[in-house]
Amino acid sequence: MSAAAAAAAMRTTVRDPAFRLGVTDMLATSLGIGAWGLVTGVAMVKTGLSAPMAIFMSLVVYAGSAQLAVLPLMAVGAPLWVVWLTASCVNLRFIIFSSLWRNYFHRLPRRQRLAVGYFSGDVIFVAFMKRFPQQEPRPEQVPYFWGAASLNWLCWQVPTITGILLANTVPLSWGLGFAGVLALLGVLLSMLFDRASWIAAAVAATAAIAAFALPLKLNILVAIAAAVTAGLLIEAADKHLRRKPQVLLVPADGALPPAERERVEQGDVPLREERHP
């Protein structure tokens with residue numbers, strides 16, 4: 001795609017009403033995201049990273065939870081494999097996110113899908129799924145995503161870089177760490193919208209406290225593993241309970257409609273009964 005065509009496509013996307021709707025939906029969490037980004041920027045410099053390296057990390061990694069998780073490990077000189085494993089475990093949820101994003105964006109070119117993967121985030125995912133619960137492509141989904149992603153990226157990067165540049169002038173007595181915790185709690189509560197997410201959050205908190213004595217902040221890994229396991233088990237149990245046996249009645253001289261035949265072949269209808277004259 002030429003630069004002129006790309007610019008025209010960008011203008012069309014920005015002018016789409018769904019783009020503005022995505023921006024509007026992200027406004028509620030923008031303050032929490034900004035506070036979180038500011039704390040992360042200050043923390044990166046306070047743990048020993050140079051300003052250029054911290055800015056590079058913010059732009060390339062673009063994963064606040066992973067950055068905050070590995071910073072204490074880097075500060076105490078933890079082995080590299082522990083740092084990588086921690087970051088990977090923290091971001092395991094994006095594997096689940098991507099499997100769901102695929103239902104909406106699988107028709108996009110690879111370059112655009114890679115861009116969606118980079119700009120994807122927890123809050124964006126929750127807002128998107130609330131707007132489009134039916135997992136099927138629709139024209140307004142792409143501009144909506146970019147509206148939400150654009151605001152989320154700006155609300156993260158601008159405060160983060162500000163925190164990096166002003167880290168040496170911000171005293172620790174301001175209690176930014178506590179402000180960051182409050183910001184994270186606000187973002188977290190906005191994402192707890194069903195029973196599975198509430199139970200997974202409770203399991204994570206319990207596991208993190210129970211394993212607090214582990215060295216190198218490994219209690220974080222324990223909490224993540226416990227939460228992911230709990231969430232997957234609850235989702236599997238709910239899916240099993242929702243799948244109730246059905247009886248499909250078919251006239252002896254009638255043909256089974258294609259849609260019903262597909263349901264039978266896929267196992268959505270466990271029992272089929274033919275009605276004879």
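At 33% relative accessibility, Leu59 counts as partly exposed, and in this predicted model the residue makes a useful place to begin. Leu59 belongs to helix H3, which covers residues 51–61. Together with Met53, Phe56, Val60 and Val61, Leu59 makes a nonpolar patch of about 430 Å² on the surface. Leu59 can take part in such a patch because its relative accessibility of 33% passes the requirement of over 30% that is set for patch residues.

The helix that carries Leu59 also has residues that are turned away from the surface. Ala54, Met57 and Ser58 are the ones to look for, since these residues of H3 are buried. They cover an arc of only 95 degrees around the axis, and therefore they lie on the same side of H3. Pro52 and Phe56, by contrast, are exposed on the other side of H3, and Phe56 is also one of the residues that make the nonpolar patch. What do the buried residues of H3 pack against? Their partners are helix H2, which covers 17–46, together with H4 and H9.

Following the chain out of H3, the reader comes to Tyr62, which has a positive phi near 45 degrees. This positive value occurs in a residue other than glycine. Tyr62 is placed in the loop between H3 and helix H4, the latter covering 64–75. Is Tyr62 buried or exposed? Tyr62 counts as buried, because its relative accessible area is 10%, and the limit for a buried residue is under 20%.

Helix H9, one of the partners of the buried residues of H3, leads on to another part of the model. H9 covers residues 141–165, and Gln141 has its place in this helix. With a relative accessibility of 0%, Gln141 counts as buried. A polar atom of the Gln141 side chain lies 2.8 Å from the backbone oxygen of Glu136. When residues up to four places away in sequence are not counted, Gln141 touches Tyr104, Phe105, Phe128, Phe132, Gln134 and Glu136, so that Glu136 appears both among these contacts and in the polar pair, as the 4.5 Å limit for a contact would lead one to expect.

Pro143 offers a way from here to the early part of the chain, for its C-alpha atom is separated by 7.1 Å from that of Val14, although the two residues are 129 residues apart along the chain. Val14 is found in helix H1, which covers residues 3–15, and with a relative accessible area of 40% Val14 is partly exposed. Apart from residues up to four places away in sequence, Val14 touches Phe19 and Arg20.

A further approach between separate stretches of the chain can be followed at Asn168, which is found in the loop between H9 and helix H10, a helix covering 176–191. Asn168 is exposed, its relative accessible area being 69%. Asn168 and Lys46 are 122 residues apart in sequence, yet their C-alpha atoms are 7.8 Å apart in space. Leaving aside neighbours within four places in sequence, Asn168 is in contact with Val45 and Lys46.

Charged side chains add their own links, and the count of salt bridges comes to 2. In one of them, Asp25 pairs with Arg131, and the closest N and O atoms are 2.8 Å apart. This pair links distant parts of the chain, with Asp25 in helix H2 and Arg131 in helix H8, which covers residues 122–131, the two being 106 residues apart. Asp25 is partly exposed at a relative accessible area of 23%, and Arg131 is partly exposed at 39%. The other salt bridge joins Arg138 and Glu140, whose closest N and O atoms are 2.5 Å apart. Here too the partners count as partly exposed, Arg138 at 38% relative accessibility and Glu140 at 25%.

These places can now be set within the whole protein, whose secondary structure comes to 13 helices and 2 strands. Of its 277 residues, 35% are buried. Among the contacts with a separation of 6 or more, 73% are accounted for by residues 24 or more positions apart. The accessible surface comes to about 16,600 Å², and 68% of it belongs to carbon and sulfur atoms.

Conventions
Residues numbered from 1 in each chain as written. Predicted model: local features only at pLDDT ≥ 70, side-chain atom pairs only at ≥ 80, totals over all residues. Heavy atoms only, no water. Patch = residues over 30% accessible without salt bridge, like charges linked within 9 Å, V, L, I, M, F, W, Y side chains within 5 Å. Areas by Shrake-Rupley, 256 points an atom, 1.4 Å probe, with all protein chains shown as cover. Salt bridge = Lys/Arg side-chain N within 4 Å of Asp/Glu carboxyl O. Helix = DSSP H or I, 4+ residues; strand = E, 2+ residues; numbered from the N terminus. Buried < 20%, exposed > 50% of the residue type's maximum accessible area, 1.4 Å probe, protein only. Polar contact = N/O pair within 3.5 Å; in protein donor to acceptor, adjacent residues only side chain to side chain. Arc of directions from axis to C-beta.
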